[in-house]
Amino acid sequence: MEPTGLTIIHTGEGKGKTTAAIGLAVRAWGAGLRILVLQFIKGSWKYGELKALAALAKVNGRIAIRPLGIGFTRKASETELAEHRKKADEALLEAEQEMKSGLWDMIILDEINYALSFGLLEEEQVLVFLHEKPASMHLVLTGRGAPPAILEKADLVTEMKLIKHPFQRGIKAQKGIEF
C-alpha cells in the first residue's frame, strides 16, 4: 500500500514555522525519505538551516535546500517588487517541475505563505499546485497569513502563536535562533 502524502501548513504570528518544517525534514530524512526545501523569500543571507541540511546531503544526497528568493520585501520599490514577483513565479515553477519529477517524497515550500500575503504569488496559482500534488508526496507550506482556501486544502495545520519575543524588548535576531 502506497503511503498517503499529507499537505501540512505551519502558519501564525509566532516564531518557529521554518524551524518546525526543517525538523520535519530531518525526521523524514532519518526515515529514509527524499526531501527538497525550496525557500520563496530567503536569498542571499547565510541561514543556519543551509549548513545543517548541506551536511546531511553529504551523507547520502537525499535532502536538498535551495534559497530562491531575493530577501525581504517590506520596503521594496515597485521595480524591486516586480523582481520579487518574478523570483516567486520562478520558484513556484521549479516546485512544479520538482514535484512532477518523482525524485522527492517531501517538498517544503518555505515562506510561500509570505509570497501569497505580499502579493508575489496569486492564491489560484498555489491552489492549482496543491491540486496537482501526487497522492503519495508530502507537501509542507510555511509562513504567516496562510489564506483560508489554502488552509482548507491542508490535512494538518499548525498555528504558531506569539506570546513573547525578545524583539519586543529590543533584542536583535540571534544567530542560531532566528537565522
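E111 sits in the loop that links β4 to α4 (112-117). This is a predicted model, and in it E111 has a positive phi of about 70 degrees even though it is not a glycine. E111 counts as buried because its relative accessibility is 11%, below the 20% cut-off. From that loop, the briefing moves to the sheet, a helix lying across it, and a lysine.

**The sheet as a whole**
- The sheet is open and has 6 strands, paired in parallel and ordered β3-β2-β4-β5-β1-β6.
- Its edge strands are β3 (63-67) and β6 (156-159), each of which pairs on one side only.
- Going from one strand to the next, the twist averages 10 degrees.
- As background, strands of a sheet pair through backbone hydrogen bonds, and they can do so in parallel or antiparallel fashion.

**Strand β2 and its two neighbours**
- On one side, β2 (residues 35-39) runs parallel to β4 (residues 106-110), and 5 bridges join the two.
- Within that pairing, L36 has I107 of β4 as its bridge partner.
- β2 is also joined to β3 by 5 bridges, again with the strands running parallel.
- Here I35 is matched with I63, its bridge partner in β3.
- If you're looking at β2 for accessible side chains, note that 5 of its 5 residues are buried, so the strand is described as mostly covered.
- Cover comes on both faces of β2: I35, V37 and Q39 are buried on one side, and L36 and L38 are buried on the other.
- That puts both bridge-partnered residues named above among the buried ones, with I35 on one face and L36 on the other.

**A helix across the sheet**
- Helix α5 (residues 123-131) lies across three strands: β1 (7-11), β4 and β5 (138-142).
- Relative to β5, helix α5 runs at about 160 degrees.

**K17, a buried lysine**
- K17 belongs to helix α1, which spans residues 17-30.
- K17 is buried but has no salt bridge.
- For K17, the nearest side chain of opposite charge is E13, 7.1 Å away; a salt bridge would need a distance within 4 Å.
- Leaving aside residues up to four places away in sequence, K17 touches H10, T11, G12, Y114, T142, G143, R144 and M160.

Technical notes
Residues numbered from 1 in each chain as written. Predicted model: local features only at pLDDT ≥ 70, side-chain atom pairs only at ≥ 80, totals over all residues. Heavy atoms only, no water. Helix = DSSP H or I, 4+ residues; strand = E, 2+ residues; numbered from the N terminus. Buried < 20%, exposed > 50% of the residue type's maximum accessible area, 1.4 Å probe, protein only. Lys, Arg positive; Asp, Glu negative; His and termini not counted. Contact = heavy atoms within 4.5 Å. Pairing = 2+ DSSP bridges. Axes fitted to C-alpha atoms, helices over the stretch in contact; angles between N-to-C directions.
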